[in-house]
Amino acid sequence: MVTVFDHAVQAGQRAYFTIPVGELAHKAVIQLPVIALAGEKDGPTLWINGTVHGDELNGSYAAWELSRELDLSQLAGNLVVTPICNPMAFECRNKISAVDSMDMDTAFPGDDSGMLTQRIAAIIYREIKRTANALISFHTMATPYKAEPYSVRKLVPGVSEEVNQVAERMQRSFGVVANCLVNLCGSTNELPGVTSGALDITCLKDGIPAFMGEMGQGGKIDRRYVEVGKTGIRNVMKTLGMLEGDVEKPERQVLITKRRFLRSNEGGFITMNVASGDEVKAGESLLDIHYYGDQIGSYPAPADCYIIGTRENPVVSTGDRIAFVGTEWKTW
Ligand SMILES: [Zn+2]
């Protein structure tokens, strides 16, 4: 059995419920949906968190569908899902909540006397810390971009080798082609903005193996990526001993150890010449830039690149991100 948010779920039971996490000015209660499955056999508790950014849907959708399909007589341990962990951002169909303009994935472990986003993060994280043995944090790229699903794992100072090894096994077995390893112990500082307060980092610091699944594009439910997510969750559960059977993996996986965003140096429209998953040599044209059909120029790859994601929305200003690429990678 598992008890989460004061709900006791007995072995062999599936529970879908909501808990109140705050209220709006006109007294509408904000509800957090929770899914909890207790297997008939003993085992660890895997927690899946989705929609920490309110427009990132595919991973949540995968977890919700899978929660209906799992045979609890075959499940060893428990699966807990917070599919819409950021209800206000979800309501806004946006990465962040309009109530307090906070990014929840910078707010963990949360603050019970803080802003609404921090308070919701605190309510969720307290339960994660108390019950979870492992965690998958689902994301997508933002809505202007598209990418094949990829995973991200972080090396965080102070995390034990044992926790890192379990996290690595989880990430690898998740079974997507592109897998990123971000070393926060050094000074690469590749990510824009804040990285502290991210759910996966907070979990790792507390000894809970965790990684991120980046499941395509925001603002969409893409059936292909929902299926990738479901297979990935099953794979991780097999690796953790929660399900029987072999892990389903692609023939080739790559490990990307250095990444960067490429940004436009001018305004106009872009036409991509590459797609997510392509491997290109330095100097090859990544995209053409034009203005209502008048060719302005093209954007050569600044180095050998593994294309993680590309911009789908063609309208760019100076400084807009036009692609997300790996610049160091190897077959894993
Ligand atoms: Zn996200």
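**Exercise 1. Find which residue of β11 is the bridge partner of Val-152, then place β11 among its neighbouring strands.**

Start with the pair itself: Val-152 has Met-212 as its bridge partner in β11. Keep in mind that you are working with a predicted model.

Next, look at the strands involved. β9 (residues 150-155) pairs with β11 in the antiparallel sense, over 3 bridges. Now turn to β7 (residues 134-141), which runs parallel to β11 and is joined to it by 6 bridges. One pair to check on screen is Ile-136, whose bridge partner in β11 is Phe-211.

Finally, consider burial. A residue counts as buried if 20 or more other C-beta atoms lie within 10 Å of its own. In β11 (residues 210-217), 8 of the 8 residues are buried, so the strand is largely enclosed by the rest of the structure.

**Exercise 2. Work out where the largest nonpolar core lies.**

First, pick out its best-connected members: of 96 residues, Ala-36, Leu-46, Ala-134 and Leu-135 touch the most other members. Because domain 1 (2-239) and domain 2 (259-331) both give residues to this core, it lies between them.

Then zoom in on Ala-36. Beyond its neighbours within four places in sequence, its contacts include Val-2, Val-4, His-7 and Asn-78.

**Exercise 3. Describe how domain 1 meets domain 2.**

Begin with the distance: the domain centres, taken over C-alpha atoms, are 30 Å apart. The contact draws 12 residues from domain 1 and 12 residues from domain 2. On the domain 1 side, β8 (145-147) and β10 (178-183) are the elements giving two or more residues, and β8 gives the most, with 3 residues. To finish, sort that side by character: 9 residues are nonpolar, none polar and 3 charged.

Note on methods: Residues are numbered from 1 along each chain as its sequence is written. This is a predicted model: local features need pLDDT of at least 70, side-chain atom pairs count only at pLDDT 80 or more; totals for chains, interfaces and linings use all residues. A nonpolar core is a set of buried Ala, Val, Leu, Ile, Met, Phe, Trp, Tyr and Cys residues joined through C-beta atoms within 7 Å. A residue is buried if 20 or more other C-beta atoms lie within 10 Å of its own, exposed if 12 or fewer, and partly exposed in between; C-beta atoms are placed from the backbone. Domain bounds come from an automatic or database domain assignment. Two residues are in contact if their C-beta atoms, placed from the backbone, lie within 7 Å. Helices (H or I, at least four residues) and strands (E, at least two) are DSSP runs, numbered from the N terminus. Ala, Val, Leu, Ile, Met, Phe, Trp, Tyr, Cys and Pro count as nonpolar, Asp, Glu, Lys and Arg as charged, and the others, Gly among them, as polar. Two strands pair if DSSP finds at least two bridges between them.
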